Amino acid sequence: MKHILLLAGFLLTFSPLFSQVTIHRDPTIESMIQELSRTRIQQDIEKLVSFHTRHTLSNQTGTKQGVGAALHWVKAEMEKSIPQSDGRLSVSFDSYPLGPNNRRVTRNVTLKNVIAVLKGTNPEDNRIFLVSAHLDSRGDDINDSTSYEPGADDDGSGVAALLEMVRIMSKHPYSGTLIFTVVTGEEQGLYGSRHIAEKAKKENWNLVAMLNNDMIGQSRSSGTELSNNTTVRVFSEGVPAYETEQMARLRAFVAGENDSKSRELARYVKEVGERYVDQLTVNLIYRPDRYGRGGDQFYFSKLGFTAVRICESHENYDRTHKVPRMENGVQLGDLPQFVDYEYVRKNTGINLATLASLAEAPYEPQHTQVQIFDLTNSTTLTWKTPDKGVKPAGYYVLMRATDQPMWQRKYYVTGNKVTLPYSKDNYIFAVQSVDSRGHESLPVIPLPQFKR
Ligand SMILES: [Zn+2]
């Protein structure tokens, strides 16, 4: 038996030296992870490369080459899963005009994204969980839209991950809605993802989490020659990009600089991802993205959504943004033979596990508070049962020392209040809802309760 059911009480992960990690897997999610196919991922990436270039300003109308052909292929590939989805999956183009507005967009164009929506089955659950990758590729010159720009890893790997998830996940129901977006315009200035983030804001989507996958298939670094397909990075912002003055005051008051919503999502990806995917460690990077570079999570964060970027641990600059050629005996270019398909499979797995777990979980606990009106050496937390969605079977009260990156203790509580003999001054606490099958919501950091 692979399912080790022991987590009912609390999980101790204080130190790997003298404690064990208890793993409890939902058999449905576990079976979906087992279904992930390295071969299909490889075939998808090779197909994406066959379009010669997927540059945003490349041929829009061709049937074999250019971004237009690639967009149609991605849409058709996702549509193949509609019959197995019981009418829950729909796939469409999201088109919008863009003028020649800077050095990266030189003429009038109509840009397109592909959006696949897998509708939730609970009519009162309006939560949305979104996963994204970019279809467009580039070479050395950002405006070169005709050269061979294979983009096997950047971001063929992310697109292949989404295609594989749609195939597997659309067979199963979820309480909340999943949205898969394959965008263009990323390299020209994040246009596609910005368009979707702005739509989400304007239409008031209850978008709980956004996962951006950009370069998840390269496992060998240039220069340092590190070879590693057992770690992956999750970038998350510490201080929210949309922080208001009022939010900043609260952050200072509770010392919440390491507990932004994006950081909690990153911890969730680590905990749930590692629960389901073997031979993979998720490394949290306490940064919104790499130095001077961004990704499709950017406008989601900027507009106040909770978003993270998933990215390979070691980048290879012989691959990134290079038209394939030999230089000083070195093969340059983002070619499919340099993609580690097993690595893409595992990185797809952490996305799948996170999305399935979140979409099946109850809503987060409401009005979560920590009592600070008395001077005591214990901590009392209170919260209310969410009034929508799956009814929680209970709650996990999470606790960690203030200098620790990950939650260290997890108490299972069935009521709406707990008092623990640990000082709130020395620990950080959070509460998450959990259903009877172990799907947890994102953790909620309690607000200070000043008056009795
Ligand atoms: Zn990219």
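**A note on helix packing and aromatic rings**

1. A good place to start is helix 3 and helix 4 (residues 156-169), which pack at an angle of about 20° with their axes 9 Å apart. Since angles under 35 degrees count as roughly parallel, helix 3 is roughly parallel to helix 4. Please keep in mind that this is a predicted model.

2. Which residues in helix 3 meet helix 4? They are Trp-73, Val-74, Glu-77 and Met-78, and their partners in helix 4 are Val-159, Leu-163, Val-166 and Arg-167. By class, the contact of helix 3 with helix 4 has six nonpolar residues, two charged ones and no polar ones.

3. Next, look at helix 2 and helix 10 (residues 341-360). Their axes are 9 Å apart and the packing angle is about 105°. The range for roughly perpendicular is 65 to 115 degrees, so helix 2 is roughly perpendicular to helix 10.

4. On the helix 2 side of this contact you will find Arg-38, Ile-41, Gln-42 and Ile-45, which meet Tyr-341, Glu-342, Val-344, Arg-345 and Thr-348 in helix 10. The residues of the contact of helix 2 with helix 10 divide into four nonpolar, two polar and three charged.

5. Now for the rings: a search of the whole structure finds eight aromatic pairs. One of them joins Phe-51 and Trp-73, with ring centres 6.3 Å apart and planes at 50°, so this pair is tilted. The pair links distant parts of the chain, as Phe-51 lies in the loop between helix 2 (38-49) and helix 3 (67-79), while Trp-73 is in helix 3, 22 residues apart. Are these two residues, Phe-51 and Trp-73, buried or exposed? Both are buried. You have met Trp-73 already, among the helix 3 residues that meet helix 4.

6. Phe-298 and Tyr-299 form another pair. Their ring centres are 5.0 Å apart and their planes stand at 90°, so the arrangement is edge-to-face. Phe-298 counts as partly exposed because its relative accessibility is 41%, whereas Tyr-299 is buried, with a relative accessible area of 14%.

7. It is also worth finding Tyr-422, Tyr-427 and Phe-429, which ring pairs link into a cluster.

8. Finally, two arginines deserve a look. Arg-319 lies over the face of Phe-338, at 3.4 Å from the ring centre. The charged end of Arg-400 sits over the ring of Trp-407, 4.7 Å from the centre of that ring.

Note on methods. Residues numbered from 1 in each chain as written. Predicted model: local features only at pLDDT ≥ 70, side-chain atom pairs only at ≥ 80, totals over all residues. Heavy atoms only, no water. Phe/Tyr/Trp six-rings, centres within 6.5 Å; stacked < 30°, edge-to-face > 60°. Helix = DSSP H or I, 4+ residues; strand = E, 2+ residues; numbered from the N terminus. Buried < 20%, exposed > 50% of the residue type's maximum accessible area, 1.4 Å probe, protein only. Lys NZ or Arg CZ within 6 Å of the ring centre and 35° of its normal. Axes fitted to C-alpha atoms, helices over the stretch in contact; angles between N-to-C directions. Parallel < 35°, antiparallel > 145°, perpendicular 65-115°, else oblique. Contact = heavy atoms within 4.5 Å. Nonpolar A, V, L, I, M, F, W, Y, C, P; charged D, E, K, R; others polar.
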